[in-house]
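Welcome! Here is a short briefing to help you find your way around the structure below. Take a look at the model, then follow the topics one by one.

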Amino acid sequence: MKHTKVRDLLNSTTTLQEVNAKGWVRTFRNNQFIALNDGSTINNIQCVVDFENTPEETLKRITTGAAVSVIGTLVESKGAGQKYEIQVSKLEILGDSDAEKFPMQPKKHSLEFLRENAHLRVRTNAFGAIMRVRSVLSYAVHSYFQQKGFVYVNTPIITGADAEGAGEMFQVTSLPLDNLPKNEEGNIDFKKDFFGKHTNLTVSGQLEGETFAMALGQIYTFGPTFRAENSNTSRHLAEFWMIEPEVAFNDLDDNMDLAEDFIQYVIKYALDNCKDDLAFLEGRLLEEEKSKPQAERSEMALLEKLNFVLENNFKRVSYTEAIDILRDSTPNKKKKFQYLITEWGADLQSEHERYLVEKHFKCPVILYDYPANIKAFYMRLNDNTEPGRETVRAMDILFPGIGEIVGGSEREERYDVLVQKMEALGIDKEELYWYLDTRRFGSATHAGFGLGFERLVLFVTGMTNIRDVIPFPRTPGSAEF
Ligand code: 4AD
Ligand code: MG
């Protein structure tokens, strides 16, 4: 007999048929009621065991965490809380789970404890829900771009290029670290390395993505990216997934429209397709917030917050306007910010971003036209900026509770201007000759952005630590599993 997924059993339109379900025991009550979960849904199916006719030996083995197979009749449940249950006629223990030793007890565990048990935390309600929502969101990403005719590009993971020019890269080598070959100058001889050059893990697929956009028109990447920045925060991972669309002939306004439409689409998709999981996560968040002081609790419940983002346009604000708002803000005047805003040109810290989004505008914000010297080399220089106050066609999207969720720009399409910029910043033109070729042969206005997938999953699930929305987080000092 083939087994049926619990989700399909619970959605069944007929009863009284014989069914087979397989899953893991969540709880076993009164020697009679198994709450069985197989991961297909947050909901368990109740399996009613005929304990009088089941050997004591078997009953003892129905413990939290055990894998079981039950055969029985699907009937309407008399008990509260579930529509259907299985009246078990045959029960088989597939894999025992020592109740004394199984770490995922049916009780509340701290998120820290669960992180240390990332291989088992996915058996809890919360992590099952988060990982299903994450999966649905990835599908929505592809669905959005594919429907619009974007081409999915797999940019390389090992590369010689530092796209962001920030130098926060993991190096890739097959050289023996205890016996590095040296060249005549006494430096490490990377010519002897696997690729015959110095390589690293990619921080972004953008530069390669641009070359494809300049041929295929509209492309997107969706893959892992790596940053060796020593940021031990609830928003940073050393390995995270990024979605990077790049579109030929788009300018900054088109780029903002695309980002906003895309984010709204994927959130709507999750709302429509993850109802049970999101309802559970909303309850989880309410529970978590009860332990916080009133002032720190969110004003909106999870679903309300997600709907708010769908129904309201993102507020578009220039960097210059934002600086004026921040300079005059109460936390700046009362010296409550850690980094006080005194002048134009200051880099915005997450405290400033969150003030703008959460306190001032109270909605998602797109900040644009940043000072050139705090942004990456490839961003397009604005035409009419004052000397000393040069700005670039950059945009960051800021979300409540998250801060920066998207970073993007219109690209510098003018060969000469780009070369000048690279020279000024000491970026190797030889190394990036292929990138410059896009500007030498058929250059055109184009724009794109990067969305940090985990930050999106954080927002949609209402979780607060990025380590809890990726299966096996990599952070400074931690690469378990
Ligand atoms: O702002 P970033 O660094 O932009 C780029 O990498 C561009 N090349 C994107 C582009 O224009 N194609 O990163 C983009 C987004 C951020 O807004 C943030 O959401 C996420 O990637 N991100 C991180 N997420 C988790 N952990 C980290 N350490 C992250 N660094 C960036
Ligand atoms: Mg950024």
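A UniProt record, from an unreviewed entry, places the feature "domain: Aminoacyl-transfer RNA synthetases class-II family profile" at residues 131-471. Please keep in mind as you read that this is a predicted model. Over residues 131-471 the chain is 38% helix and 18% strand, and the C-alpha atoms at the two ends are 7 Å apart.

**Around ligand 1**

- Which residues come nearest to ligand 1? Of the 24 residues around ligand 1, the nearest are E164, Q206, E244, E404 and I405.
- E244 has a polar side-chain atom 2.6 Å from a nitrogen atom of ligand 1.
- The side chain of S204 also takes part, with an N or O atom 3.0 Å from a nitrogen atom of ligand 1.
- From the backbone, G452 brings a polar atom to 3.2 Å from an oxygen atom of ligand 1.
- How much of ligand 1 does the protein bury? Ligand 1 exposes 630 Å² when taken alone, and the protein buries 94% of that.

**Helix α6 and its cover**

- Helix α6 spans residues 206-216, and its buried residues are Q206, L207, E208, G209, E210 and A213.
- Q206 therefore appears twice in this tour: it is one of the buried residues of α6, under the cut-off of 20% relative accessible area, and Q206 is also among the residues that come nearest to ligand 1.
- What covers the buried residues of α6? The cover includes the strands β7 (158-159), β10 (218-226), β11 (239-248) and β16 (446-452), along with helix α14 (433-440).
- Just after α6 comes G217, with a positive phi near 85°.

**A small open sheet: β7, β9 and β8**

- Strand β7, part of the cover of α6, also belongs to an open sheet of 3 strands in the order β7-β9-β8, with antiparallel pairing.
- Why is one side of β7 left without a neighbour in the sheet? Both β7 and β8 (171-172) stand at the edges and have a single partner strand each, so one side of each has no neighbour there.
- Between β7 and strand β9 (residues 199-201) there are 2 bridges, in the antiparallel sense.
- I158 has L201 of β9 standing opposite.

**Strands β3, β4 and β5, with Q46 as a guide**

- As background, strands of a sheet pair through backbone hydrogen bonds, either parallel or antiparallel.
- Strand β5 (residues 84-95) offers examples of each sense: 3 bridges link β5 to strand β3 (residues 45-48) in the parallel sense, while 10 bridges join β5 to strand β4 (residues 67-76), and these two run antiparallel.
- V70 has L91 in β5 as a bridge partner.
- Q46 sits in strand β3, and the bridge partner of Q46 in β5 is E85.
- The side chains of Q46 and E85 also make a polar contact, at 3.0 Å.
- Is Q46 buried or exposed? With a relative accessible area of 13%, Q46 is buried.
- Leaving out residues up to four places away in sequence, Q46 touches R29, F33, I34, S77, Q82, E85 and I86.

**L278, a buried residue in helix α8**

- L278 is found in helix α8, which covers residues 275-289.
- L278 is buried, with a relative accessible area of 1%.
- Apart from neighbours within four places in sequence, L278 is in contact with V133, A270, L271, L302, L303, L306 and V460.
- Among these contacts, V460 is 182 residues away from L278 in sequence, yet their C-alpha atoms are 8.2 Å apart in space.

**Two loop residues with positive phi**

- N31 lies in the loop between β1 (18-29) and β2 (33-37).
- Although N31 is not a glycine, its phi is positive, at about 55°.
- A relative accessible area of 33% makes N31 partly exposed.
- K362 belongs to the loop between α12 (350-361) and β13 (365-371).
- K362 is another residue other than glycine with a positive phi, near 55°.
- K362 is partly exposed, with a relative accessible area of 45%.

Note on methods:
Residues numbered from 1 in each chain as written. Chains lettered and ligands numbered in written order. Predicted model: local features only at pLDDT ≥ 70, side-chain atom pairs only at ≥ 80, totals over all residues. Heavy atoms only, no water. Buried < 20%, exposed > 50% of the residue type's maximum accessible area, 1.4 Å probe, protein only. Helix = DSSP H or I, 4+ residues; strand = E, 2+ residues; numbered from the N terminus. Contact = heavy atoms within 4.5 Å. Pairing = 2+ DSSP bridges. UniProt positions renumbered as here; feature names shortened; annotations may be inferred. Near = heavy atom within 4 Å. Polar contact = N/O pair within 3.5 Å; in protein donor to acceptor, adjacent residues only side chain to side chain. Areas by Shrake-Rupley, 256 points an atom, 1.4 Å probe, with all protein chains shown as cover.
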